[in-house]
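Open the viewer and keep the selection tool ready. We will go stop by stop, picking residues and looking at what is there.

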Amino acid sequence: MKILTPTLGSLLLATSALVAPHVALAQQAPQSAPTSGGPETEVEELIVLGVNIPQPMRETSEVASFLTVEDLKRQGDDNAAEALTRLSGLSLVSGRFVYVRGLGERYSSALLNGSPLPSPEPLQRVVPLDLFPSNILAGTSVQKTYSVNYPGEFGGGIIDLKTTKIPNEPFFSMSASVGGNTETTFKEGITYYGSRTDGLGYDDGAREIPKPLQAAIETGHRITSGVNFTDNQLVFIGSSLVNAPMNLIQIKNDIQPAFSVDLSGGRSFEVPGGTLGVLFVGGFDNSWRSRFGKQQEGAVGGGVIEPVTDYDFRSTQNDVVVNALVGVGYDMGDHVFSWTNLYIHSTTKEARIREGFSELTGADVRDDYTEWFERSLTSTQLTGEHTFGDLEIDWRGAFATTARNTPYEKGIRYRLVGGEYLHNASQEQNYTRFGEVEDKLASFGVDGAYTMALSNQRDVIFSGGVAWSDNDRSAIQREFRFLALNAALPIEVQRQRVDYLLADYNIGPGALMIRETSGGDGAAAYKAALEVKAVYIQADAEIIPLVRATVGLRYEDAIQSVTPLALFAGDPVPFAPPALENQYVLPAATVTWNFYEEMQLRVGLSKTIARPQFRELAPLSYLDPDTDRLFIGNPNLVDSELINFDARYEWYFARDQYLTLGLFYKDIDKPVEAIVNEVGATVQTTFLNAPRAVLYGAEVDVKTYFEFFSETPWFSSKRWLAAANYTYSKSEVVVEDGDVVFPLTVDGSSRPAKDFVNDGDPMQGQSEHLVNVQFGFEDEAARSQATFLVGFASKRITTRGRTGFPDLVQEPGVMLDFTYRRDFTVWDKDVTFGFEARNLLGEDYQEFQELGGGRVDNNTYALGRSFSVSLSTRF
């Protein structure tokens, strides 16, 4: 019997049928009967290992998960954030950020075709993945073990989004969908006028800063009564603000259904020297969401927490997303060039009302909010792939900008007096805010790989590269209030509707006067920068037959700074924390053993880092519209360092079918945690470095196809899918006697760690149990596909409670979805009908605190059930 095994190429890439006789695996076949008059003939059956291992898993030695185009179609998810939650160990927080193995978004990096992306979010440097519609994606990879060709900021995983590629065949496709939600569609909601073009996601200019206000800002002086501005000037400035269209909340009797339209097309041309291809993808999505719920704050007495502030709230928001992708590719065989341009514009227009008892005010109050959040991302990337025999060189250069514009962010409070709500512009405040965040990120990288033969059967790939990125951010927020400075407002004015209350005839020295309150809670503006220079080397080899090892080293030199800015002439320069200048040597090693037929064992060990995000460092206050909580950064934060260990067993028992079992462990030095900080009567959320934390757990992931052995046509024509993954993870903050932390203080002094975090507390955002299940069928005869999708995440901490209070936790619960697709032919064209149903069990959003049998609902509301239908065709 001969022993056969595949070469490196056949084992890892499955592209060659050539094997070396002395290292092959064979199996003795039963002897056949001897032929008449001839010798016995021995027949051998050769078994090549790894033929069922999917292509991506053969090409990587890392622990990774992959999302394909087929997965995106089956799941029917609208954007990358929703789609990624179907993978093992991934969960979605705030509808935008993906947590890998329970670690917050700061511990994961998002790349677009290998290039980093800036973020338009004021609280995060990580780009929110809900920005990326699934129609622009060709797939996504999530690498859970670190390899040195990726940035060193790695904790939970690296998420690399791949955009649609240039087609080989010309095509044009279009799709449209319409849908609704049981809490929203065709039901009463609230809104405000805004501007004529709000339904398109773009303001028509109505929200631009008025010219008189802009001229006053450009003087460099705080806009308030005194030596800088006369009363007449202040009246002119205050009267220039747009009134009724931005202030007046109105009832909308019937909220319209959500709808979307997507177009894509592309083709290739033969040109001198190669093939030129072009691609276009565009989409428009308009959706509505109404929420009705509770927002409470609690107090602890006798070991029991009970509500002391209790609001009922309602809100309606209109979300509009416009996206476009244009790609050009030039393929010369050994040299391939690609130019990818991406534009995403996402707008949220929201009206919100909450009313109830406020402990701080000691009375029943009502708060009205009208808001406009405009986010955009523009990215251009140029890449090249070059092959020179055994040498491959890839390069990429990208420039991306993101922006978040929040003009006319309005809020006004009323007090209930004698059965009617009054606003006196003294005890009850109002505000008008103009905010802007702009992020710019330039990056460049070169990777080279050289394949060298170790023997006739084994190769080694030496690779290395350099990378550079430069991220600059600027953020500013101006706040203005109308105050009754010289005399109390007459009662008949206090009871007026808001657009009458803030009308020109109520603005003047004896009534309301505008005053700028920018920077009242920290700095009003800041600049931030992060420059990273990196170089790495790596070796990838089949060190002995069936055992592949990847070993590498990455060196990163980074400078990160956040500089608060003084907006007004004569103001003291705000304290600027020293820049974080760090150099790291980050090793990583992964070993893959293809020990039996379709089975592999992977083991990885690495050191990585996590840097504080800009907003976590900047001492600028920010109101989160999702929770109505005030956030402020802490300039005392430092980098976190992680040691990562992973092991995973993989069995690919048939094509596209597998079972994996994994273990992971992470030791985190100085993890960043959010805490609640009290400043007088103001409660705000800030950040600090906890002393240490550990995270460990296990994952199981299985996927299989099967058929029912039944004569019933409905069953016999179908191929059934069953897939499930489960992640158990446990995290603990480690606090020992003598440990100190550096909370937000004026002098940067230390405090005992146990005053802020408890030993053994779980890390924020980490669910102990994550479950995803898919069950469905494919019917080739009927050209249909149906899938039930189940997702479950157990409780997780959203924010630390202040001293003596329990933590705020969220309970996502069980989400049951259903998707159905069916192809049919109309006028000789293939058309696809789609149906989606989301949250069929009617789970609610619940964020709460519990202690001693008492409960406080910090933020709870009904999510409703969502349904949509779609049609698409391809020419």
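**Stop one: a strand pair**

Select Phe66 and Ser141: Ser141, in β10, is the bridge partner of Phe66. Bear in mind that this is a predicted model.

Now widen the selection to β5 and to strand β10, residues 137-143. The two pair in the antiparallel sense, over 4 bridges.

**Stop two: the sheet around the pair**

Add the other strands. The open sheet has 5 strands with mixed pairing, in the order β5-β10-β11-β8-β9. Which strands stand at the edges? Select β5 (64-67) and β9 (115-116). Each has a single partner strand, so one side of each is left without a neighbour in the sheet.

**Stop three: a negative patch**

Move to the surface. Select Asp331, Glu385, Glu392 and Asp394, which form a negative surface patch. Then pick out Asp331, which lies in strand β17, residues 304-331. Is Asp331 buried or partly exposed? Asp331 is partly exposed, because its relative accessible area is 37%.

**Stop four: a nonpolar patch**

Stay with strand β17 and select Val326, which is placed there. Val326 also counts as partly exposed, at 38% relative accessibility.

Val326 belongs to a nonpolar surface patch of about 770 Å². To show the rest, add Phe172, Met174, Val178, Phe259, Val261, Leu263, Phe280, Val869 and Phe875. Which elements give two or more residues to the nonpolar patch? They are β12 (171-181) and β15 (258-271).

To finish, show strand β17 with both patches: Asp331 is in the negative one, and Val326 is in the nonpolar one.

Conventions. Residues numbered from 1 in each chain as written. Predicted model: local features only at pLDDT ≥ 70, side-chain atom pairs only at ≥ 80, totals over all residues. Heavy atoms only, no water. Pairing = 2+ DSSP bridges. Patch = residues over 30% accessible without salt bridge, like charges linked within 9 Å, V, L, I, M, F, W, Y side chains within 5 Å. Areas by Shrake-Rupley, 256 points an atom, 1.4 Å probe, with all protein chains shown as cover. Salt bridge = Lys/Arg side-chain N within 4 Å of Asp/Glu carboxyl O. Lys, Arg positive; Asp, Glu negative; His and termini not counted. Charge placed at Lys NZ, Arg CZ, Asp CG, Glu CD. Buried < 20%, exposed > 50% of the residue type's maximum accessible area, 1.4 Å probe, protein only.
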